[in-house]
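Student: I should like to go through this structure by asking what justifies each term applied to it.
Tutor: Then let us take the terms one by one.

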Amino acid sequence: MATYQEFIQQNEDRDGVRFSWNLWPSSRLEATRLVVPVSCLFTPLKERPDLPPVQYEPVMCSRANCKAVLNPLCQVDFRAKIWACNFCFQRNPFPPSYAGISEVNQPAELMPQFSTIEYIVQRGPSAPLIFLYVVDTCLEEEDLQALKESLQMSLSLLPPNAFVGLITFGRMVQVHELSCELISKSYVFRGTKDLTSKQIQEMLGLTKPSVAGQPGHPPAPQDAAASCRYEGVATPHLLLSLSELKLFLKVPLFKMAIVSSLIFRFLQPVHKVDMNLTDLLGELQRDPWPVPQGKRPLRSTGVALSVAVGLLEGTFPNTGARVMLFIGGPPTQGPGMVVGDELKTPIRSWHDIQKDNARHLKKATKYYEALANRSAVNGHSIDIYACALDQTGLLEMKCLSNLTGGHIVMGDSFNTSLFKQTFQRVFNKDYNGDFRMAFGGIMEVKTSRELKVCGAIGPCVSLNSKGSCVSENEMGVGGTSQWKVCSLSPSTTLGIYFEVVNQHNAPIPQGGRGAVQFVTQYQHSNTQRRIRVTTIARNWADAQSQIQHIESSFDQEAAAVLMARLGVFRAESEEGPDVLRWLDRQLIRLCQKFGQFNKDDPTSFKLSESLSLYPQFMFHLRRSPFLQVFNNSPDESSYYRHHFVRQDLTQSLIMIQPILYSYSFHGPPEPVLLDSSSILPDRILLMDTFFQLVIYHGETIAQWRKAGYQEMAEYENFKQLLQAPLDDAQEILQTRFPMPRYVDTEHGGSQARFLLSKVNPSQTHNNLYAWGQETGAPILTDDVSLQVFMDHLKKLAVTSSA
Amino acid sequence: MNVNQHTPMASPYGQPQPGYGQPAFAPLDTGYPPPYAPYNGPVSTYQTGEQPPQGHGRAPPTSGPPAPQAYNQYGGRHQSDVQNGPPPMTQAPARPVVSQSYNQERVNLSGPPSSYPQHYGSPPAMSHVTSQMSGMQINSGLPNTAGPGYAPPHSSKPPVSNSFSAAPPATYTQALPPALSAPTQAPPTASQQYYGGPPPSSQPPFNSSLPPTSQQPFTSPAPPPPSNQPSFAPPPSYSGPPPAQAPSPSMSQPQQSFHPTQPAFSSAPPGSFPPRAPPPTSSQYPPPPTSTPSGQYPGPLPPQQQPPFSSGPFPPRPQMPPTSMCQSNHLPPEPQGPLGPPGPLQQMPPPQHVMPGGYAPQQNGAFGQVRGPQPGFAGPYPAQPNYGAMGPAPGPAPSTQKRLDPDAIPSPIQVIEDDKAKSTEPFSTGVRGQAPPLVTTDFHVKDQGNASPRFIRCTAYNIPCTADMAKQSQVPLAAVIKPLATLPADETPPYLVDHGEGGPIRCNRCKAYMCPYMQFIEGGRRFQCGFCSCVTEVPPHYFQHLDHTGKRVDFYDRPELSLGSYEFLATVDYCKNNKIPQPPAFIFLIDVSYNAVKSGMVGIVCQELKALLDRMPRENPDLDSTVRVGFVTYNKVLHFYNVKSSLAQPQMLVVSDVSEMFVPLLDGFLVNVGESRQVIESLLDHIPEMFANTRETETVFGPVIQAGLEALKAADCAGKLFVFHTSLPIAEAPGKLKNREDKKLIGTDKEKSLFQPQVSFYNTLAKECVAQGCCVDLFLFPNQYVDVATLAVVPVSTGGSVYKYTYFQAQSDQERFLNDLRRDVQKPIGFDAVMRVRTSTGIRATDFFGSFFMSNTTDVELAGLDCDKAVTVEFKHDDKLSEETGALVQCAVLYTSCGGQRRLRVHNMAVNCCSQLSDLYRNCETDTIINFLSKYAFRGILNNPTKAVRDTLVNQCAQILACYRKNCASPSSAGQLILPECMKLLPVYLNCVLKSDVLLPAADVSLDDRAYLRQLISGMDVSETHVFFYPRLLPLMKLESGSLPVAVRASEERLSKGGVYLLETGLHLFLWVGANAQQELLLNIFGTSSFGQIDTTMTSLPVLDNPFSQRLRDMIDSFRAQRSRYMKLMLVKQEDRSELIFRHFLMEDKNASGGASYVDFLCHMHKEIRQLLS
């Protein structure tokens, strides 16, 4: 399998694609029998330092419903200057610019190593990046101060030509005008009133009778872009009032200028308002309305978001923009209210939700979903930075980020390094000095005839593009071959699910290959529009004759993550136990299909190497917070799931099955089993669950540390031992987004629970004595251990009745 | 005064005329009930007896005064009458006769009044005198005019003077006594006395004068009039005294008698009177003859002025009759002050003569004649002829008959001056049912148990005991209450009483507050309520022993036991939500739309506010005001400002969601001026700058008030909003309005809808405002229709004010606006007020007029109540009242002071009750009645066609007067117009009300103006309505330091081409410059001697270093200081286009929109009365 592993690795490195199966069963029937669908994890913007974008436009198939991009898999007739589309077999002439094409003079897109290629599209204007801060002011003084500082700091991280805007909210929502010269000015909205986008724009003075962009016909991107182009013209008008601008409205020539100057009142290039905004942020005060005893502050998050979305809709539709929402508590009034302002009414828990006792849940969720959809349509993403000890309503608001590709960051306070550094990391730059973010992505999937696409799971919304390659069978967000991903980072990964539609009686010729092309258009952070095209092909295999081959082409890591995504996706809408049962059944069926066993003899059960880890992944997945809500608040569950469905394979796997490293005097650090047996007194453990980074000092180590041996010169090595996991953790902390919660604990420490809850409870209070004390730490749990799980699995897999 | 009209016409004319004259007098005299009765008597007699002669007399006068203009209505007849005027002279003889008869009658009248005298005591005398005076004036006025013309009368004057000396003293004493004594009996005596002494003298004068006059008349028309007048006058006014004197000049006679009396009473009167009267008269008269040329104008004018004044004084002297004579008389006696003016006047005289002829006739004849003509020419004429037969009259008589001599009809000026002359001593309120001096009189008040007239004025101080009587008389029973009125510096503001934690002591049943009418019984352990008679225990802490008279020992230590007005400190029980209120807040909401900025309003407001911040109302002048302030600007959207002291710069918060208004911030919006001064000043500097280039023309209005209201709600306090607004709110928002100004509706049944608010939104809003104690003051700067009727709903319902500056231009209107604003911000004000009027059993407050809101039928709720707001309360009987106990009224106003203290201000008022209608008519106050009627009518137009409202008014007044005529006046010819002394000005004032822009708009009066006036008047007190309806017109030819020139009647005829006049309405101030004004005068005033160089656009007079200019400017300043609104000075040059506006305020003249002249209206009234009587 080494070959397959290399192949997989190579594919991932080159194309950012991990398929569950690297050989595809050649018929629908066989494909269904494989249990795990043909699917892939695709990282559209996988960083490719070695892949310079080409400066021309892609050549596309001329068939109207195909439009596939010329790729290395196409057959080319160099003499006739004709190429055949490998998806629809349409023969297309090369465009005139390809006149010089020949076998020795091929364009990049025809070279096999360019199965992934990026084009820079020159046509159309480039749009600015937009950052709209939506800030909750119902915060503790300390928190607010920290947040203000973070925001002020962030101004220095933004590209100078990026546009910024500021909305603050508490009981009221204030949209701050940034262009005012004399005194600071803001537009205020009542926090309890649900306003339509049109109303908001009217109230902000953004719609003038004859201004471009009638409702229902939002100005095309170029309009917004034009506003930039006309920036020079518009700026002088900044000082003019709206009504003055009215005069210009009659002059079409100035139309754009007007649009932009309207926009400029609330969104301004950073370099222009740097000082203003810094001052403004500096003067930001806590919400001045008194909060009576026994009440929560009134927080109009819903309206604030609505205003933010409305503002962007009216000014920069179809332009990359980030709404960054900073909240310190749940929305307590108006539309999108999550909990009332009475402190005696606690915010909903999973228990309440299961009992259907969460009054505001449905309404709020619906409200935020509507907002998220509107936002997604316009290509604006929404980030949520929720820092509070209690829940902040992420459950209801998660869709804002999930559907628009925004981030969710959850912390205890804005005054923590977790938030500060995470926030800073949002503005990380890549090797080119560009932000690791892209906007307005539209990903299209094209498949060869035998394959259809069922859906995608990730931070995307459907664009409802029904094409010939769209399957009727939906998995995840389906029914389309195009998805919008409003915000993309190099690690954003979607799970894409396919269906083999080739009928059993229509065998594919030997050596036939199925192909999938991913065409991702997006706005690069340097404002260029780009198109990245990834074309991959896999061989068809007859499942009956080549089942071994297929089995060995199984990518169990990818499959685990893909199945997990399906599970999480289901968990969003279904009851937890149902999802677990579904997962179990899939696992059992897979084991039945590929396991080697004698009927009804569990002990005879064996799995090939390519599947050997899969059950273990499933075991941890079942225990993961993605599917288990016990001990998690609804917000936490939402938060975990949010990140699970967007991270790449490696991170996803870490989430499913945390990594455990052991440090000891016995040797170099080594990964150890995520098992209670790994918890030993003389070890330091470093566990990375993606969300937490736990350093656990074994009992002995802890005692030594307490005794201060590390301070003594003669125990330098102990000091080094203590330092080693810290260094490693630091490394992870440096790169991970969002920054994980960093926990430094020891045997018996209260925070050791983070570790204990993750490890396989191979030793519990039930079997403690059977295992012997020196071989690990018992976990006080009734959860089944991996061993028990496997035993059951084997039993079920081999039973004839299954 | 009875005016004989139609019937009298022919014969009546003669009669009527006399009637008029008489009526005037009678009324005056009667003003004090007693006189009335007597007068009536005489009048009637006069009419009958004299009629013929009168007729003649009148006829002539009328004709004399070419007054025809005024009489236009009357048509040619009048004119002819006027011409007749001169002839009247001949009539004179007849008059004597009349007068005689009068005497008798009068005597009778005086008899009944006997009771009065008592009341009046010595002071009463004064009042009587004044009343008489006034009556006299009227008469005199008439005579005077005539007199002037008569210049010759001088000769007569002497006699007059004689009569004065003799008669006066006698009259007074006599008069009083007679009044007291049985009418009949007394009268005779009185009359005898009066006449006895005076009469003879007077008569002689008359005779002499008359003859002379007549003779003179012959020479000049003027003389005749006098004769006529006399005849008329005598009957009416003289009824009592005059009769003897004045058979003909009765008018003058009475005056004479009065004069004497006055002098007798106090030196002051004589002094004052003499000066005024004399000068004019003297000057006039003397000059007249000579200066005849001076022009009719001057002539008339002087006469007018003089007459009034002089008339006051004159009256004493028989002058009147011999008007001219009188003048002369006056002159001799006291050419003094008045003389100054006389100068010009003197010149005038000549014209007067001419005029006089006209006027006199008018006066005398006018009444009679007018009526006559109306009824039927034939009739009147014939009658006249008869009279005429007497003398040369026949020819002229007819003309005279038609016209009433404006000088012969009751003159407001005369009445006012008489009252002034009479009121020389402080008015003490201790006597129940005592009518206070007129609002035009400057007097000092001593609170001795009843509220000062500055707080409460009643329409009647002696009210009928039964509902039937009240209904019969139709005299409205109402009180105009101005609870927080500002008192002059020399009067003590109400004391603050603290009854401790239990709160004010109140009656258990009716909840009336402790007051002087509570009777302590059982040794002081209990008290009996004066209102409901319920007996209540005295709380131990309030117990006090009684002295031998049953008074509490601490009577004089406790304001609530000894005073009519005082304040209680309210306890927490009297507070909203049982919470001590927060100090109030002022919120300034400034329109910053294009028009507002362009007109300069925004800049001016902002600039001024900076200064005003230091002058917020405060209770303790030494401390900073506790009033917090907030600022909002708006156009289509609202901008709130955060001016928290900790901010370096103010912050603007824009609220565009006007559909549901809210306050975007709490902390930092309402701030303490001291703490946030820097930020506020910065804001006020910035506002004009920020909106300097705005192009936004649309505005909202409803949300603006909502914003202020919400802010006050959020801050949990009461307060006041100052809204500076420019245009019709057409932007999409609650309370959005349409332009509905449709001139076509005017005069139709739908006209009323124009006065109703266009949408109900503002009514609802007003209710909410009141609930929160949010008072709204609206400053409007419209360039076009803004629908004041709708916009004013909230201000009016919340006790706020509306100010309107149409076509506001910074340069010319700034001063007015700023002064209004300053005053408005600084004036004492109470918030969240509730007013309750309690009355003794038997009557009940049934209706309220003013700026307030009522959620039930008894509580007047005022979000804000300032020192300028008056509430008119109407009372109705629900049971019988008793004459012994009288009727009590207690007005309690619970309010939050500007310092946040909850207080109760209590005003008590006791009035007499009567079972005789004559008592009622003797104790009425016409100014207050007019106040009530106007408010009643102006509210009526909301629901009724304007015409119907006008008719109702006329009808009610006719009934009032008819009732008097029927029940109180002595029998007389039906053709005679007899007016009660107290109400003799009712017709002229009523005519002013009818002619007001609200009820009878001129073509150029916008709907907004009418709506504006309508609401303005609803909150006016008596003095404001008085000057508003009958503007004050002061001749400026000669100014004395220390005293104002005597006003002249508001008629164009009184204007002299050579003069300069100041006209004040309380809202407007005009300086009218005659085309031939003396150069010196112009030089003194304007610094230029050329009429042509006077710049009519100037809004203030140049500051010149001469005493005249100084005095004039001081005068103007003092006028402005008197009024609650700053009056912009408008310069009007004679025959300039702007004169039209000015003429609009000459209320005695016919106006362009169809309003009747005084004379015409009087005739019309008479007709109405006659119809009622028949």
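Tutor: A salt bridge is a side-chain nitrogen of Lys or Arg within 4 Å of a carboxyl oxygen of Asp or Glu. This is a predicted model, in which local features need pLDDT of at least 70 and side-chain atom pairs count only at pLDDT 80 or more, while totals for chains, interfaces and linings use all residues. Residues are numbered from 1 along each chain as its sequence is written, chains are lettered from A in the order in which they are written, and side-chain values use heavy atoms, with hydrogens and water left out.

Student: What makes A:Lys193 and B:Glu660 a salt bridge?
Tutor: Their side chains meet with N to O at 3.4 Å, and the limit is 4 Å, so the pair qualifies. The count between chain B and chain A is two salt bridges, and the structure holds 76 over all chains.

Student: Why is the pair B:Glu491 and B:Arg454 said to tie parts together?
Tutor: The closest N and O atoms of B:Glu491 and B:Arg454 are 2.5 Å apart, and they form a salt bridge. B:Glu491 lies in the loop between strand 5 (478-481) and strand 6 (495-497) of chain B, and B:Arg454 in the loop between strand 2 (445-446) and strand 3 (456-458), so the pair joins parts 37 residues apart in sequence.

Student: How do you know that chain B and chain A are in contact?
Tutor: Contact means heavy atoms within 4.5 Å; by that criterion 32 residues of chain B are in contact with 25 residues of chain A. The buried area, which is the accessible area (1.4 Å probe) that two parts lose on being put together, summed over both, is about 2500 Å² between these chains, with carbon and sulfur atoms giving 56%. In chain B, the residues that lose the most area to chain A are B:Val654, B:Phe662 and B:Arg695, together 21% of what that side buries.

Student: Which elements of chain B give two or more residues to the side that touches chain A?
Tutor: They are strand 14 (651-655) and helix 32 (673-690) of chain B. Helices (H or I, at least four residues) and strands (E, at least two) are DSSP runs, numbered from the N terminus. Strand 14 of chain B gives the most, with five residues.

Student: What makes strand 11 of chain A and strand 14 of chain B a pair?
Tutor: Two strands pair if DSSP finds at least two bridges between them. Five bridges join strand 11 (residues 184-190) of chain A to strand 14 of chain B, so the requirement is met, and the two run parallel. A:Tyr187 stands opposite B:Val654 in this pairing.

Student: Why is one side of strand 25 and of strand 28 of chain B left without a neighbour in the sheet?
Tutor: The open sheet has the order 25-26-27-28 (chain B), with mixed pairing. Strand 25 (1032-1035) and strand 28 (1128-1133) of chain B stand at the edges with a single partner strand each, so one side of each has no neighbour in the sheet. Six bridges join strand 27 (residues 1068-1073) of chain B to strand 28 of chain B, and these strands run parallel. In strand 28 of chain B, B:Lys1133 stands opposite B:Val1073.

Student: Which strands of the sheet 27-26-28-29-30 in chain A are edge strands?
Tutor: Strand 27 (667-671) and strand 30 (741-746) of chain A, as each pairs on one side only. Strand 30 of chain A is joined by six bridges to strand 29 (residues 692-697) of chain A, running parallel, and A:His697 has A:Glu746 as its bridge partner.
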